[in-house]
Amino acid sequence: MIHGRDITRTFKTKTGTVEAVRGLNLDVGEGELVAFLGPNGAGKSTSVRMLTTLLPMTSGAASVGGHDVTRAPEKVRRMIGYVGQKTGSGPYHRVRDELIIQGRAQRMSESESRKRANELLGMLELEDLADRDCNSLSGGQKRRLDVALGLMHTPKILFLDEPSTGLDPHSRANLWDHVMRIRRETGMTIFLTTHYLDEADTMAERVMVMDHGKMIADDTPERLKAELAGDTIRLAMVSEGETLIAAEVAANLPNARDIAPNGRSFSVTVRDGAAVMPHFLRALHERGVDIATASVRQPTLDDVFLNLTGRSLRENAIAA
Amino acid sequence: MTFISDTFLSFRREIGPTMRSWYYIVFGVVQPLLYLGLFVPLLTAMPMGGDGNALQWFVPGMMVMLVLFTTVSCGWALTEELVSGSFERFLATPASRPGLLVGRALKELAPLLIQALILIVVAAPFGLHLYPVPMLIGLALLMIFGIGVASFSYALAIASKNDGGLFYMVSHSVSLPLMLLGGVLLPMQMAPDWLYIASRFNPLTYLVEAERALFMGEVFTPIVGYGALVAVLVAIAGIAVGTVTVKRASL
Ligand SMILES: Nc1ncnc2c1ncn2[C@@H]1O[C@H](COP(=O)(O)OP(=O)(O)OP(=O)(O)O)[C@@H](O)[C@H]1O
Ligand SMILES: [Mg+2]
């Protein structure tokens with residue numbers, strides 16, 4: 001459904017050129033839900049805007065829904081829905097009017113548009129706001145309206161650029177309930193960018209990690225975590241010297257890395273920690289090591305990013 | 001044709017907020033009356049060139065000026081939507097690009113059209129002779145011309161991105177000499193030779209002359225023909241430049 005080959009995009013700014021996207025290759029199949037993950041300025045929005053015909057590429061080629069983005073943009077636009085990172089509603093326009101106009105622009109009939117607008121107002125809990133000017137909405141309400149605008153014509157391919165930023169937990173859960181239901185009913189392909197690691201983890205079937213304009217990983221969240229992060233086993237010993245014995249034992253575990261004895265606590269990263277743990281504990285017991293506490297921590301996508309780049313997405317988010 | 005239907009769609013979206021703001025409507029109705037009340041008494045006391053009374057000469061010129069100034073600066077209204085994502089949202093739909101621009105332009109022009117009609121009707125008792133068909137043709141030419149200028153203005157707004165100062169500077173340094181050289185407020189026949197010759201290179205001159213001829217009841221004359229040609233050419237060029245700018249833009 002979405003294919004990109006060697007896509008690049010540079011911007012000229014007053015202080016020089018910015019290489020926003022540097023040789024992006026991607027393939028998304030029909031009906032897939034893919035999450036684009038990466039720190040601020042990684043090039044996520046730039047990539048999405050090129051795929052949605054909004055921004056010309058500097059070089060490379062892309063097709064969306066079987067149509068070339070550069071040569072047949074009109075055909076691409078017929079297939080896609082787009083929720084940009086910025087506010088899509090006009091400040092002086094009314095909520096319901098914006099939805100209806102959007103439907104009309106997407107070639108729906110007037111009556112279809114009205115019906116669908118009412119449906120979405122209900123779904124995204126915007127009914128009470130339907131007759132207000134959009135600039136009187138709160139940030140999260142505006143964001144819900146943006147998503148409703150993108151869903152109006154139930155597109156075959158939906159691009160969502162940080163759809164849930166600014167939503168409270170209830171609205172986020174509600175949004176995803178509806179998006180997932182629509183997806184089940186229609187088989188919509190969804191391409192989303194997000195900073196919420198848990199969202200990418202639980203919603204997406206595939207996660208693409210982007211950093212400095214390049215895609216640095218592309219796989220299911222499970223495999224990314226297993227291959228690029230692994231589970232961390234943590235132990236606390238009764239007495240100090242025993243961590244060194246634990247380090248020796250841990251070195252013999254399959255795929256063990258990051259062995260870190262530290263005072264009375266000890267950690268090691270392995271694949272499938274839950275299965276390794278019993279063997280490990282038994283081996284330690286046989287060496288006479290007394291263990292006070294033991295735990296296995298499952299990796300997050302943040303650990304994946306940390307292992308790929310040496311930086312944490314969380315730190316970035318705070319620094320930015 | 002999607003161009004026509006998207007023009008209506010875009011117009012429909014933009015006119016909504018206008019229709020809801022009563023102060024805008026009141027101001028729109030009062031404004032032409034102000035011109036008439038405050039300026040025309042002075043004008044009728046002046047010895048103007050040309051035949052007929054001063055209103056017949058002055059009203060069409062003032063309409064050209066109003067259309068030019070309104071449309072030249074209307075790209076400004078787009079800037080806000082360029083900075084937020086709402087224009088981009090429409091660009092991601094199959095909506096016709098020229099349709100989006102022309103619909104917006106018509107939203108700026110519709111109030112002007114109504115003001116012009118009020119102006120004509122109110123001026124009639126003060127001595128403006130009514131030539132309904134030629135005058136309506138004159139208004140139609142103004143609308144066509146206005147669509148062109150507005151489209152140039154949108155192109156300029158996109159090209160100058162978020163730089164409001166640049167937009168303002170360029171739009172004014174183009175429109176002011178055009179207006180002064182177009183003989184909008186005073187007859188160019190009274191100008192020194194060099195100024196007169198310069199005015200012949202100003203497309204606006206031909207439009208102003210055509211409007212004045214139409215307001216004198218002329219229709220099938222070369223003057224009207226040249227004016228119509230200018231209006232249509234400006235419209236075609238404006239829409240073409242506007243559309244290409246939208247397509248090439250890296251917003
Ligand atoms: N119009 C522009 N002009 C100049 N530089 C730009 C422009 N748009 C984006 N950039 C630059 O391109 C890079 C990528 O930006 P992009 O918006 O794609 O990042 P992102 O991954 O979406 O980040 P975020 O998570 O903050 O939304 C950034 O360095 C940004 O400064
Ligand atoms: Mg972004």
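**Exercise 1. In which loop of chain A is A:R107 found?** Work out its surroundings too.

*Solution.* Keep in mind that this is a predicted model. Start with the position: A:R107 sits in the loop between helix 3 and helix 4 (110–123) of chain A. Next, check how open that spot is. The relative accessibility of A:R107 is 34%. Partly exposed covers the range between under 20% (buried) and over 50% (exposed), so A:R107 counts as partly exposed. Now look for partners, skipping neighbours within four places in sequence: A:R107 is in contact with A:R78 and, over in chain B, with B:T2, B:D6, B:P94, B:A95 and B:S96. Finally, take the partner in chain A. A:R78 is 29 residues away along the chain, and the two C-alpha atoms are separated by 8.7 Å.

**Exercise 2. Find what coordinates the magnesium ion (ligand 2), and place each residue in the chain.**

*Solution.* Go to the ion and look for the coordinating atoms: they are OG of A:S45 and OE1 of A:Q85, at 1.9 to 2.1 Å. Then trace each one back. A:S45 belongs to helix 1 (residues 44–51) of chain A, while A:Q85 lies in the loop between strand 6 (80–83) and helix 3 (95–105), so the pair, 40 residues apart, links distant parts of the chain. As a last step, check A:Q85 for exposure: its relative accessible area is 41%, which makes A:Q85 partly exposed.

**Exercise 3. Sort out which side of helix 9 (residues 242–251) of chain A is buried.**

*Solution.* First list the buried residues: A:E242, A:T243, A:A246, A:A247, A:V249 and A:A250. Now look down the axis of helix 9 of chain A. The buried residues fall within an arc of 165 degrees, so they line one face of the helix. Turn to the other side, and you meet A:L244 and A:A251, both exposed. What's doing the covering? The cover over the buried residues of helix 9 of chain A includes strand 11 (231–237), strand 12 (257–262), strand 13 (265–270) and helix 10 (273–286) of chain A.

**Exercise 4. Give the strand order of the open sheet of 4 strands in chain A, and pick out its edges.**

*Solution.* Reading across, the order is 2-1-4-5, with antiparallel pairing. The edges are strand 2 (16–28) and strand 5 (67–68) of chain A, each of which pairs on one side only. Zoom in on strand 1 (residues 2–13) and strand 2 of chain A: they share 10 bridges in the antiparallel sense. For one facing pair, find A:I7, which stands opposite A:L24 in strand 2 of chain A.

**Exercise 5. Describe the largest nonpolar core.**

*Solution.* A bit of background: in soluble globular proteins, nonpolar side chains tend to be buried together. Here the largest core has 90 residues, and those touching the most other members are A:I2, A:L51, A:V64, A:F159, A:F191, B:M63 and B:F145. The biggest contribution, 12 residues, comes from helix 3 (residues 54–72) of chain B. Apart from this core lies another one, of 48 residues, including A:M123 and A:W176. Now follow B:F145. Leaving out residues up to four places away in sequence, B:F145 touches B:V67, B:L68, B:L204, B:L207, B:A231 and B:V234.

**Exercise 6. Say what the buried residues of helix 4 (residues 75–83) of chain B are, and what they pack against.**

*Solution.* The buried ones are B:G75, B:L78, B:T79, B:E81 and B:L82. They pack against helix 1 (2–20), helix 5 (86–91), helix 6 (97–123), helix 7 (132–159) and helix 8 (164–181) of chain B.

Notes. Residues are numbered from 1 along each chain as its sequence is written. Chains are lettered from A and ligands numbered from 1 in the order in which they are written. This is a predicted model: local features need pLDDT of at least 70, side-chain atom pairs count only at pLDDT 80 or more; totals for chains, interfaces and linings use all residues. Side-chain values use heavy atoms; hydrogens and water are left out. Donors are N, O and S atoms within 2.8 Å of the metal (3.2 Å for Na, K and Ca); water is not among the atoms, so sites may look incomplete. Helices (H or I, at least four residues) and strands (E, at least two) are DSSP runs, numbered from the N terminus. Buried means under 20% relative accessible area, exposed over 50%, partly exposed in between (1.4 Å probe, protein chains only). A nonpolar core is a set of buried Ala, Val, Leu, Ile, Met, Phe, Trp, Tyr and Cys residues joined through side-chain atoms within 4.5 Å. Contact means heavy atoms within 4.5 Å. The arc is that of the directions from the helix axis to the C-beta atoms. Two strands pair if DSSP finds at least two bridges between them.
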